[in-house]
Amino acid sequence: MEVGAHNSPRTVEEVFRDFKGRRIGLIKALTTDVEEFFQRCDPEKENLCLYGFPTEQWEVNLPAEEVPPELPEPALGINFARDGMQEKDWLALVAVHSDAWLLSVAFYFGARFGFDKADRKRLFNMINDLPTIFEVVTGASKMQFKDKLGATTHSGNKSKPNLKMEKMSKPPSKDESEGLDEEEEDEEEEHGDTLCGACGENYAQDEFWICCDICERWFHGKCVKITPARAEHIKQYKCPTCSNKRARP
């Protein structure tokens, strides 16, 4: 699982970068890669854990053999509950345990490398600015601004140009900028709290986003491999999670 201690993060910024990478990997497993994750959590296998790595990758594997382990370990035996509860409830349970594991790893590094009170507080505040994995997976964070986005998400075609935030080739001139200020402020206020259903990051004015017509979650185009040109030809967009949903035994 984890490689040697010489790769361990030692500053607040490095620990937070490590946290974000692991978090993105875990969110991928529980959203865009959920079908593969489901298959790997075979209840017939031994106790399995879900690991997230700083490289934004994830893995389902047996726990570390060394005792005590080099890093805190994720929840053990996530595969055993897979078929004993509703899929969404099982994913939510794994998400909660994943949140707890991420925090334990981050503050393990903090303790190991002697973070003082100010460093620990700064690390916590940086982490706390991100939605939890549970909030991303269950859509809890989306509910906070669903009403605000209601008019937009139900306007018909989710791929209209006004919803495709393409990057500008160059900054607007002063006159153009003044004319756009009010419009941009309104749009930023409307979408500013929107979180990507894949990576959990916030809406940004210069990025292309697309909304799933089934679950109504928003995604960075790059996270779901959809370009603005391709989106123009999609009549009904289904995110990877909704596309892969099928009846579970």
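These legends walk through several close-up views of a predicted model.

**Figure 1. The whole chain, with ten helices and four strands.** Start with the overall layout before zooming in. Along the sequence, the elements run α-α-β-β-α-α-α-α-α-α-β-β-α-α. The protein chain has 249 residues, and 41% of them count as buried. Plenty of the contacts reach far along the chain: of those between residues at least 6 apart in sequence, 66% join residues at least 24 apart. On the outside, the chain exposes about 13900 Å², with carbon and sulfur atoms supplying 51% of that area.

**Figure 2. The largest nonpolar core, a set of 37 residues.** Leu30, Phe37, Leu50, Leu123 and Ile133 are the residues with the most contacts inside this core. Helices α1, α2, α3 (87-112), α4 (117-128) and α5 (133-138) each supply at least two residues to the core, and so do strands β1 (49-52) and β2 (58-61). Helix α3 gives the most, with nine residues. There is also a second, separate core of 18 residues, and Cys199, Phe208, Trp218 and Ala231 are among its members.

**Figure 3. Ile133 and its neighbours in the model.** Zoom in on Ile133, one of the residues with the most contacts inside the largest core. Leaving aside residues up to four places away in sequence, Ile133 touches Arg23, Leu26, Ile27 and Leu30, and also Ala95, Ser98, Asp99 and Leu102. Leu30 in that list is itself among the residues with the most contacts inside the core.

**Figure 4. Leu123, a buried residue of helix α4.** How much of Leu123 is accessible? Its relative accessible area is 0%, so Leu123 counts as buried. Beyond residues up to four places away in sequence, Leu123 touches Val12, Val15, Phe16, Ala106, Phe107 and Phe115. Take Phe16 from that set: Leu123 and Phe16 sit 107 residues apart in sequence, yet their C-alpha atoms are 6.7 Å apart in space. Leu123 is also one of the residues with the most contacts inside the largest nonpolar core.

**Figure 5. Helix α4 from end to end, plus the contact at its start.** With twelve residues, α4 spans 16 Å from its first C-alpha to its last, close to the 16 Å expected at 1.5 Å a residue. At the start of the helix, look for Asp116: one of its side-chain oxygens comes to within 3.2 Å of the backbone nitrogen of Ala118.

**Figure 6. A salt bridge between Arg122 and Glu13.** The closest N and O atoms of this pair are 2.5 Å apart. Arg122 belongs to helix α4 and Glu13 to helix α1, so the bridge links distant parts of the chain, 109 residues apart. Are these two side chains buried or partly exposed? Arg122 is partly exposed, with a relative accessible area of 36%, and Glu13 is partly exposed too, at 37%. Asp119 comes into the picture as well: salt bridges that share partners join Glu13, Asp119 and Arg122 into one network. In the whole structure, the search finds seven salt bridges.

**Figure 7. Two more salt bridges, Asp18 with Arg22 and Arg82 with Asp83.** As a reminder, side chains of opposite charge can pair when their charged atoms come close. The Asp18 and Arg22 side chains meet at 2.6 Å, N to O. Both residues lie in helix α1, four residues apart, which is about one turn of the helix. Asp18 is buried, with a relative accessible area of 9%, and Arg22 is buried as well, at 2%. For Arg82 and Asp83, the N to O distance is 2.9 Å. Here Arg82 counts as buried at 11% relative accessibility, whereas Asp83 counts as partly exposed at 42%.

**Figure 8. Thr31, in the loop between α1 (12-30) and α2 (34-40).** Is this loop residue buried or exposed? Thr31 counts as buried because its relative accessibility is 1%, under the 20% cut-off. Which residues does Thr31 touch? Not counting residues up to four places away in sequence, its contacts are Val137, Gly197, Ala198, Arg217 and Thr241.

Note on methods. Residues numbered from 1 in each chain as written. Predicted model: local features only at pLDDT ≥ 70, side-chain atom pairs only at ≥ 80, totals over all residues. Heavy atoms only, no water. Buried < 20%, exposed > 50% of the residue type's maximum accessible area, 1.4 Å probe, protein only. Contact = heavy atoms within 4.5 Å. Areas by Shrake-Rupley, 256 points an atom, 1.4 Å probe, with all protein chains shown as cover. Core = buried A, V, L, I, M, F, W, Y, C linked by side-chain atoms within 4.5 Å. Salt bridge = Lys/Arg side-chain N within 4 Å of Asp/Glu carboxyl O. Expected span 1.5 Å × (residues − 1). Polar contact = N/O pair within 3.5 Å; in protein donor to acceptor, adjacent residues only side chain to side chain.
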